[in-house]
Amino acid sequence: MVSRAPKRPVRPGNGNREVALPPPGLLDSPEQVISYYNRMGLDLNTSVPIEQIIQSNPELELKYADLGINDAYIKKISENSFEIGVNKNHHPNRQRFSLAHEYAHYLLHRGKIHSMPEGEQILHRNGERNPVEYQANNFASELLMPDDLVRRAFRASHGNLSQMAQSLRVSKEALKYHLETLGYRVQ
Ligand SMILES: [Zn+2]
């Protein structure tokens with residue numbers, strides 16, 4: 001069971017202000033990504049469709065392949081073109097976290113991608129020490145588990161971790177870790 005965290009204060013001056021959005025390759029926070037694709041009409045009501053987010057981006061190509069021990073990779077093809085690959089043999093929820101992690105590299109570490117190894121094993125609980133990888137994992141967690149979807153899943157499941165993970169389409173381990181960082185008590 002998951003216990004509810006104390007309510008967070010609402011930031012002042014953050015009402016229904018319309019903000020111009022940058023093009024998809026320049027989004028730089030999970031909130032911006034969600035807000036952008038919400039406006040694009042993607043269904044973000046129960047889970048975040050990271051596959052569609054990647055597939056609809058003209059700068060990205062998505063491939064499913066047998067990557068052996070690796071989870072995923074991102075490869076620079078040309079100046080504004082990248083390939084993201086994910087291990088086709090993994091569970092869909094694991095693939096989704098891996099994809100969100102590579103997508104984070106694309107948005108946050110674009111200039112470093114050419115020097116990254118082609119293929120990586122991703123820690124799905126953020127025990128990562130390398131700051132670039134830590135940042136990508138954090139971004140992936142926040143993108144796939146935004147606060148309002150987590151709250152909705154919590155209410156609908158009465159705090160049942162398995163049901164919450166199922167509706168958010170993330171692994172129980174990734175959800176548990178994320179909830180703990182938000183201050184929920186997970187037993
Ligand atoms: Zn990485």
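In the predicted model, N137 is buried, with a relative accessible area of 1%, a value that falls below the 20% limit under which a residue counts as buried. This residue is found in helix α4, and its C-alpha atom is separated by 8.2 Å from that of A100, although the two residues are 37 residues apart along the chain. Both N137 and A100 belong to the set of residues through which α3 and α4 meet.

The axes of these two helices, α3 and α4, come within 8 Å and cross at roughly 120°, which makes α3 oblique to α4. The crossing of α3 and α4 is right-handed. On the side of α3 the contact is formed by R96, F97, A100, H101, Y103, A104, H105, L107 and L108, and on the side of α4 by V132, E133, Q135, A136, N137, F139, A140, S141, L143 and L144. Sorted by class, the residues of this contact comprise 12 nonpolar, five polar and two charged.

Several residues of this contact, among them H101, H105 and E133, also serve as protein donors of the zinc ion. The donor atoms are contributed by H101 (NE2), H105 (NE2), E120 (OE), E120 (OE) and E133 (OE), and they lie 1.9 to 2.4 Å from the zinc ion. Along the chain, the donors of the zinc ion follow the spacing H-x3-H-x14-E-x12-E. Because H105 lies in helix α3 (residues 92-108) and E120 in the loop between α3 and α4 (131-144), this pair of donors ties together parts that are 15 residues apart in sequence. H105 is buried, and E120 is buried as well.

Helix α4 also packs with helix α1 (residues 30-39), at an angle of about 40° and with the two axes 9 Å apart. The crossing of α1 and α4 is right-handed. The residues that make this contact are P30, E31, V33 and I34 of α1, together with F139, E142 and L143 of α4. By class, the contact of α1 with α4 contains five nonpolar residues and two charged ones, with no polar residues. Of the residues contributed by α4, F139 and L143 take part in the contact with α1, and F139 and L143 are likewise listed in the contact with α3.

Further along the chain, helix α5 (residues 147-157) packs with α6 at an angle of about 135°, the axes being 9 Å apart, and this angle makes α5 oblique to α6. The crossing of α5 and α6 is right-handed. L149, V150, A153, F154, A156 and S157 in α5 meet Q163, M164, S167 and L168 in α6. The contact of α5 with α6 has seven nonpolar and three polar residues, and no charged residues.

One of the residues in this contact, Q163, has its place in helix α6 (residues 161-168) and is partly exposed, with a relative accessible area of 41%. When residues up to four places away in sequence are not counted, Q163 touches A156 and S157. The C-alpha atoms of Q163 and A153, which are 10 residues apart along the chain, are separated by 7.8 Å.

Two residues in the loops that border α6 have positive phi values without being glycine. H158, placed in the loop between α5 and α6, has a positive phi of about 55° although it is not a glycine, and this residue is exposed, with a relative accessible area of 63%. R169, found in the loop between α6 and α7 (172-182), has a phi near 60°, again a positive value in a residue other than glycine. At 31% relative accessibility, R169 counts as partly exposed.

With regard to the protein as a whole, there are seven helices and five strands, and these elements, read along the sequence, follow the pattern β-α-α-β-β-β-α-α-α-α-α-β. Buried residues make up 47% of the 187 residues in the protein. Among the contacts with a separation of 6 or more, residues 24 or more positions apart account for 58%.

How values were computed: Residues are numbered from 1 along each chain as its sequence is written. This is a predicted model: local features need pLDDT of at least 70, side-chain atom pairs count only at pLDDT 80 or more; totals for chains, interfaces and linings use all residues. Side-chain values use heavy atoms; hydrogens and water are left out. Donors are N, O and S atoms within 2.8 Å of the metal (3.2 Å for Na, K and Ca); water is not among the atoms, so sites may look incomplete. Helices (H or I, at least four residues) and strands (E, at least two) are DSSP runs, numbered from the N terminus. Buried means under 20% relative accessible area, exposed over 50%, partly exposed in between (1.4 Å probe, protein chains only). Contact means heavy atoms within 4.5 Å. Axes are lines fitted to C-alpha atoms, for helices over the stretch in contact, and angles run from 0 to 180 degrees between N-to-C directions. Angles under 35 degrees count as roughly parallel, over 145 as roughly antiparallel, 65 to 115 as roughly perpendicular and the rest as oblique. A crossing is left-handed if the near helix is turned anticlockwise from the far one by less than a right angle, and right-handed if clockwise. Ala, Val, Leu, Ile, Met, Phe, Trp, Tyr, Cys and Pro count as nonpolar, Asp, Glu, Lys and Arg as charged, and the others, Gly among them, as polar.
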